Amino acid sequence: MQYTSKMFNQTKHKSRTTHTWQMWAIYMVLTVNLSEEQVLKQACPSCSATQLCNCSSMGLDFIPPGLTSKITVLNLAYNRIKTIRSQDLQQAVNLRALLLQSNEISSIDEDSFQSLGKLELLDLSNNSLAHLSPVWFEHLFSLQHLHLQGNSYRDLGESSPFSNLRNLSSLHLGNPQFSTIRQGNFEGIGVLDTLWIDGGNLSQYEPGSLKPIMEINHMIINLQNSNIFSAIVRDILHSVIWLEVRGIKLEVEKKSLVQNSTLPFRIQKLTFKDASFTDQHISRIIVLLKEITSLHELEAVDCVLEGKGEWNTREIASRGQSFVETVSIINIIIPNFHLFFDLDGMGSQVEKLKRLTIASSKVFMVPCDLARHFSSLLYLDFHDNLLVNIRLHETICEGAWPSLQTLNLSQNSLRSLKKTANSVSRLPKLINLDISQNNFGEIPDVCEWPKTLKYLNLSSTQIPKLTTCIPLTLEVLDVSTNNLKEFGLQLPFLKELYLTKNQLKTLPGAAPVPNLVTMSVRRNKLNSFSREEFESFKKMELLDASDNNFICSCEFLSFIQHQAGIAQVLVGWPDAYVCDSPLALRGAQVGAVHLSLMECHRALVVSLICALVFLVILILVVVGYKYHAIWYLRMTWAWLQAKRKPKRAPPRDICYDAFVSYSENDSDWVENIMVRELEQACPPFRLCLHKRDFVPGKWIVDNIIDSIEKSHKTLFVLSEHFVQSEWCKYELDFSHFRLFDENNDAAILVLLEPIQSKAIPKRFCKLRKIMNTKTYLEWPLEEEQQAVFWENLKGALKS
């Protein structure tokens, strides 16, 4: 038992020790991970927030630790990183793009990219890599774009570093020290969209090196060595569609460019950029390029032509017709331009040409004899040259350019629109004419144009207005940037109208252009346009009215915010449609502005308010009439009047024993019975009657109040007539304000006939109260009781 217990304790102790070490190991791992995350956050704060980790231009000299699988884009460009280690990118397994250009990288561990199987873009350009290792790219199965240019390697090694990159689409390589391309360097690459080789100092090219690539859409190569140029051309005739050669000083060997090559060729376009030619080599290259039957387009950009145009036209002509259909010459520099020949012998070589561009090259004319040989030319672009009207007339002589459909003469020195129109009228098939950015200044009333003309660009030509010089046949007209203030031309076939940057204040009328589909009035002086103007263009599909100074009125906002489908018609909606006024809305988007009902319907709102006020007044009048509001007002006024007088007249001013208030219908009883009985009594009572004692001409209210104040008592003769009489109502009303407030005993009530307190109007609240709380005298019909009535009444008057 002791042995068993001892073994148990040892096992328990060992288990605790193991558990402690496990916890310690976990703690250390968590501490390291936490530390790495903190380092990453400090080195590159953006890495902790999103999948995009932008650490460019931060002065880093190492790849920060703590990179996780959530990062898909890592930008470490423009730092001072020198080495990529195995563990640096090990956890970034979901990277799609890794940007390491413009660092100081000179060494990369062989398995540094091993975990980046999803990487699509790798940029290692402009570093210090002295060699390229195939092992680096061994596991980059998804890589599509690889940039290696600007390093210090002299070659690509003995084999292909790209053999495992089956999905590669674009490859940029080479540098000023790059000197050698060997066979096998491009093994494994099947198809490329772009291949860019910086081979300015390339001195050794093994024939067949580029042949393994089956298809290249666009190949760009910086090259100076003409012999290498020829060898590369022979290798890529079957793979490259567009070859762009930069920086070459062309001295082409006499050996054929298609030597040992079999049809079909794939190359279709050849571009020379920043190249230099001599007369001799121009002739030679033209001859050699005729052998490439697939070549249809030649382009020369920013090139220098040394010579005077003394080309070997006989040799050129003897080699047959060229297959090139498109020639573009842009910014060609000819130092001896003033000595340049007219290329008279080249006529036979341009007969099949269909598209010709000579731009920014100081061309001032084409000789008539040469122009007549361009029998198949459909497109001619002479923009940004030195053509003047007199030279244009010689260039477009009778019989020249017979098939021409598109002519671009923009940015030349043409001054007369009438002469320009007259010159181009010789082109029987001309459809599209661009004469923009010429300073015409004036526009005649009548011009002669080709009857086939459909597209005319007159933008930036300083014309002050539009006249019937504009041809009726047009389908597209561009008169932008001309300070035009109106447009009213009758153009029945016009489909597109461009009026950008003018001074129009309203949309053009729709009637003269019934077939308009597209219109631009951008950057004019439009304040608004109405529903009627918009809907008058029956066929309108696109309207660009952006960047105008819109007045955000109620009518305009109501139309533009509620017009069905306007968002599909307005170009740039809603961002480019901004209010200019009123000032409070300046800068706000038209589509987002909402004006109040008062701002948009002021007259309606005022009318509604007036109607509401009238209705309220009418209701008040009706309610006032029903509930006797007028009575209350008049009583209030009477009360105010009474309040201004002393509450009790001095005894010396008491003139009457009683003021008698009665209905006119009861006057017979009052005047013939009560007055006789009281005024003939001993001693007699002096009564105040309105018929007899009111002061003529004095306001009745003052008469009533004065009479009450000058009377010891007030005697009310009540009857059904009294209650129904308006006069008695007012008399009682005016007297009660003061009378009842001072002393209820001053009132004597005499009922001529039975009357219920319910029959008394509610506004006689004091009277109702008195009748409910105070004894009143009733006139008896029996004669034997009348003596008692008079004694009681006299007693009440004396009290």
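Q: Is Asn-482 buried or exposed in this predicted model?
A: In the predicted model, Asn-482 sits in the loop between S24 and S25. A residue counts as buried when its relative accessible area is under 20%. The relative accessible area of Asn-482 is 3%, so Asn-482 is buried.

Q: Which backbone nitrogen does the side chain of Asn-482 reach at 3.0 Å?
A: Leaving aside neighbours within four places in sequence, Asn-482 is in contact with residues including Ser-460, Thr-461, Lys-501 and Asn-502. A polar atom of its side chain lies 3.4 Å from the backbone nitrogen of Ile-463. At 3.0 Å, the side chain of Asn-482 reaches the backbone nitrogen of Gln-462.

Q: What is the relative accessible area of Leu-494?
A: Leu-494 also lies in the loop between strand S24 (476–478) and strand S25 (496–498). Not counting residues up to four places away in sequence, Leu-494 touches Leu-474, Glu-475, Val-476, Leu-477, Val-513, Asn-515 and Leu-516. Leu-494 is buried, and its relative accessible area is 0%.

Q: How many Å apart in space are Leu-494 and Val-517, C-alpha to C-alpha?
A: In sequence, Leu-494 and Val-517 are 23 residues apart. In space, the C-alpha to C-alpha distance between Leu-494 and Val-517 is 8.3 Å.

Q: Which residue has the backbone oxygen that the side chain of Ser-361 reaches?
A: Ser-361 is placed in the loop between S19 and helix H5 (368–371). Ser-361 is buried, with a relative accessible area of 4%. Its contacts, leaving aside neighbours within four places in sequence, include Ile-329, Phe-337, Asp-384 and Asn-385. The polar contact of its side chain, at 2.8 Å, is with the backbone oxygen of Ala-359.

Q: Which element gives the most residues to the lining of the largest pocket?
A: Helix H3 (279–289), strand S16 (297–301), strand S18 (326–330) and strand S19 (355–359) each supply at least two residues of this lining. The element that gives the most, with four residues, is H3.

Q: How many residues in the lining of the largest pocket are nonpolar?
A: The largest pocket has a volume of about 1300 Å³. Its lining has 44 residues, and Trp-311, Ile-329, Phe-340, Leu-343 and Ile-358 lie nearest the centre. By class, six lining residues are polar, four are charged and 34 are nonpolar.

Q: Which helix supplies the largest share of the largest nonpolar core?
A: The largest nonpolar core has 171 residues, and those with the most contacts inside it include Phe-113, Phe-186, Met-219 and Trp-449. The largest share of this core is six residues, from helix H2 (residues 226–236).

Q: How many residues are in the other core, which lies apart from the largest one?
A: Trp-401 is one of the residues with the most contacts inside the largest core. Leaving aside neighbours within four places in sequence, Trp-401 is in contact with Val-366, Ala-371, Phe-374, Leu-377, Leu-380, Thr-395, Ile-396 and Leu-427. Apart from the largest core lies another, with Val-670, Phe-685, Leu-715 and Trp-790 among its members, and its size is 23 residues.

Q: What percentage of contacts between residues at least 6 apart in sequence join residues at least 24 apart?
A: The chain has 20 helices and 34 strands. Of its 799 residues, 45% are buried. Among contacts between residues at least 6 apart in sequence, the share that joins residues at least 24 apart is 61%.

Definitions and conventions. Residues numbered from 1 in each chain as written. Predicted model: local features only at pLDDT ≥ 70, side-chain atom pairs only at ≥ 80, totals over all residues. Heavy atoms only, no water. 1 Å grid on protein atoms, 1.4 Å probe; cavity = no way out; pocket = protein on both sides within 12 Å on 5 of 7 lines; lining within 4 Å. Points joined across faces, edges and corners; volume = space filled by probe spheres on them. Nonpolar A, V, L, I, M, F, W, Y, C, P; charged D, E, K, R; others polar. Core = buried A, V, L, I, M, F, W, Y, C linked by side-chain atoms within 4.5 Å. Buried < 20%, exposed > 50% of the residue type's maximum accessible area, 1.4 Å probe, protein only. Contact = heavy atoms within 4.5 Å. Polar contact = N/O pair within 3.5 Å; in protein donor to acceptor, adjacent residues only side chain to side chain.
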